Amino acid sequence: MNRAMSETPWLLEQWARWSKMDAGVGYPTSTPFSRLGGSSVRSPVITDQEAAKVDLAVSKLRARDEEMGEVVRLYYMAGENLSYVVRRMPKLDRRKADLLVKSGVAWIDAALHIHRTR
């Protein structure tokens with residue numbers, strides 16, 4: 001990953017797309033009929049190796065701070081929709097969810113930077 005770390009939100013967006021590409025459930029994530037109209041999930045623009053590094057950072061965040069990690073995961077999987085996060089996690093108000101997303105992105109940014117400098 002030779003991108004600037006200021007692109008961490010972009011990397012997380014790409015990671016979410018990558019994660020949606022194959023749900024790993026043993027069957028296609030779409031039906032043949034739905035594929036006729038084109039995919040609703042845009043293809044990621046990062047490599048599997050880059051996505052795996054982001055995935056590891058998100059997993060480490062979830063292990064360290066479950067709530068923050070889940071908020072970041074939901075936020076990016078829902079296409080950066082904070083309202084969706086608040087609906088899925090009713091204990092949070094919008095302001096706290098926004099703070100957790102920003103803090104989580106900063107944490108992941110640092111984790112990716114540390115991984116990069118090793």
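## A tour around helix 4

Begin by selecting Val 71 in this predicted model. Beyond its neighbours within four places in sequence, Val 71 is in contact with Val 85, Met 89, Leu 92, Ala 97, Leu 100 and Val 101. Display these side chains together with Val 71 before moving on.

Next, select residues 66-77, which make up helix 4. This helix has twelve residues, and the distance from its first C-alpha to its last is 16 Å, close to the 16 Å expected at 1.5 Å a residue. Colour its buried residues: Met 68, Gly 69, Glu 70, Val 71, Val 72, Leu 74, Tyr 75 and Tyr 76. To see what covers them, show the surrounding elements, including helix 1 (8-21), helix 3 (48-64), helix 5 (82-88) and helix 6 (94-117).

Now widen the selection to the largest nonpolar core, which has 26 residues. Within this core, the residues that touch the most other members are Leu 12, Trp 15, Val 54, Val 71, Tyr 76 and Ile 108. Helix 1, helix 3, helix 4, helix 5 and helix 6 each contribute at least two residues to the core. In soluble globular proteins, nonpolar side chains tend to be buried together.

Return to helix 4 and select Tyr 75 and Tyr 76, both of which are buried. The count of aromatic pairs in the model comes to one. Tyr 75 and Tyr 76 form this pair, with an edge-to-face arrangement: the ring centres are 5.0 Å apart and the planes are at 90°.

Finally, select Gly 79, which follows helix 4. The phi of Gly 79 is positive, near 75°.

Note on methods. Residues are numbered from 1 along each chain as its sequence is written. This is a predicted model: local features need pLDDT of at least 70, side-chain atom pairs count only at pLDDT 80 or more; totals for chains, interfaces and linings use all residues. Side-chain values use heavy atoms; hydrogens and water are left out. Helices (H or I, at least four residues) and strands (E, at least two) are DSSP runs, numbered from the N terminus. The expected span of a helix is 1.5 Å times one less than its number of residues. Buried means under 20% relative accessible area, exposed over 50%, partly exposed in between (1.4 Å probe, protein chains only). Contact means heavy atoms within 4.5 Å. Rings of Phe, Tyr and Trp (its six-membered ring) pair if their centres lie within 6.5 Å; planes under 30 degrees apart count as stacked, over 60 as edge-to-face and the rest as tilted. A nonpolar core is a set of buried Ala, Val, Leu, Ile, Met, Phe, Trp, Tyr and Cys residues joined through side-chain atoms within 4.5 Å.
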